[in-house]
Amino acid sequence: MGTRDTRVDEYLATLPGWQQDLAAELREIIHEADPGIEETIKRTRLPYFTCEGNVCAFLGARDHLNLFVYDPIAPDPDGLINQGQGNATARSIQFREGEVVRREPLATLLRAVVANNRAGGWRRLTRRP
């Protein structure tokens, strides 16, 4: 399994209880999606998950937890992405208290991001020959 970073634990400890529980579940799914995913802190305090490039990141908000997905071309046939569909670099999934996490569709989306990273990244994949 990919590396875990104690600074991510420290960030998660600052979140409301329901966001901590949700983030723990998402963290499991992220690491299950690919054993090469590693954790780090970027932008001073935000948890990022990387594998040959950014995969995703957490950001706690007042009434939801954001999971930023750093690949605008990874397919989302299950409609998990609910924010930023037109963004150039990242889209997000906003999770609200009580929502059920759709584990397998999320893992599939994250695997697609990792696959694109390993193929050179979405920017390279979208360049015209």
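Here's a quick tour of the core, two helices, one pocket and a few residues worth finding on screen. Keep in mind that this is a predicted model. The largest nonpolar core has 38 residues, and helix α3 gives the most to it, with seven residues. There's also a pocket to look at, with about 160 Å³ of space in the largest one.

**The nonpolar core**

- If you want a way into the largest nonpolar core, start with L26, I30, V55, F58, L67, I93 and L106, which touch the most other members.
- Helices and strands both chip in: α1 (6-12), α2, β2 (46-50), β3 (54-60), β4 (65-69), β5 (91-95) and α3 (103-118) each supply at least two residues of this core.
- The top contributor is α3, with seven residues.
- Click on L106 and you'll find it touching L26, I29, L67, L80, I93 and V101, leaving out residues up to four places away in sequence.

**Helix α3**

- This helix has 16 residues and reaches 22 Å from its first C-alpha to its last, close to the 22 Å expected at 1.5 Å a residue.
- Its buried residues are P105, L106, A107, L109, L110, A112, V113, V114, N116 and N117.
- Those buried residues pack against α2, β3, β4, β5 and α4 (122-126).
- Just after α3 comes G120, which takes a positive phi of about 110°.

**Helix α2**

- The 17 residues of α2 should span 24 Å at 1.5 Å a residue, and the end C-alpha atoms are 25 Å apart, so the two agree.
- On the buried list for α2 are Q19, L22, A23, L26, R27, I29, I30, H31 and A33.
- H31 sits in this helix, which runs over residues 17-33.
- With a relative accessibility of just 2%, H31 counts as buried because the cut-off is under 20%.
- The C-alpha atoms of H31 and L110 are separated by 9.6 Å, though the two residues are 79 apart along the chain.

**The largest pocket**

- The lining is made up of E52, G53, N54, Y70, T89, N117, G120, G121, W122, R123 and R124.
- By type, that lining divides into two nonpolar, six polar and three charged residues.
- Helix α4 provides the largest share of the lining, with three residues.
- Two residues from the α3 section turn up again here: N117, buried in α3, and G120, with its positive phi, are both among the lining residues.

**A buried serine in β5**

- S92 is found in strand β5.
- Its relative accessible area is 5%, so S92 is buried.
- Setting aside neighbours within four places in sequence, S92 is in contact with N66, L67, F68, V69, I81, N82 and Q83.
- One of those partners, L67, also appears among the core residues that touch the most other members.

**The loop between β1 and β2**

- Most residues other than glycine have a negative phi.
- R43, in the loop between β1 (38-42) and β2, has a positive phi near 55°.
- T44 lies in the loop between β1 and β2 as well, and its phi is also positive, near 80°.
- R43 has a relative accessible area of 62%, so it counts as exposed.
- T44 is exposed too, with a relative accessible area of 79%.

Terms used
Residues numbered from 1 in each chain as written. Predicted model: local features only at pLDDT ≥ 70, side-chain atom pairs only at ≥ 80, totals over all residues. Heavy atoms only, no water. Helix = DSSP H or I, 4+ residues; strand = E, 2+ residues; numbered from the N terminus. Buried < 20%, exposed > 50% of the residue type's maximum accessible area, 1.4 Å probe, protein only. Core = buried A, V, L, I, M, F, W, Y, C linked by side-chain atoms within 4.5 Å. Contact = heavy atoms within 4.5 Å. Expected span 1.5 Å × (residues − 1). 1 Å grid on protein atoms, 1.4 Å probe; cavity = no way out; pocket = protein on both sides within 12 Å on 5 of 7 lines; lining within 4 Å. Points joined across faces, edges and corners; volume = space filled by probe spheres on them. Nonpolar A, V, L, I, M, F, W, Y, C, P; charged D, E, K, R; others polar.
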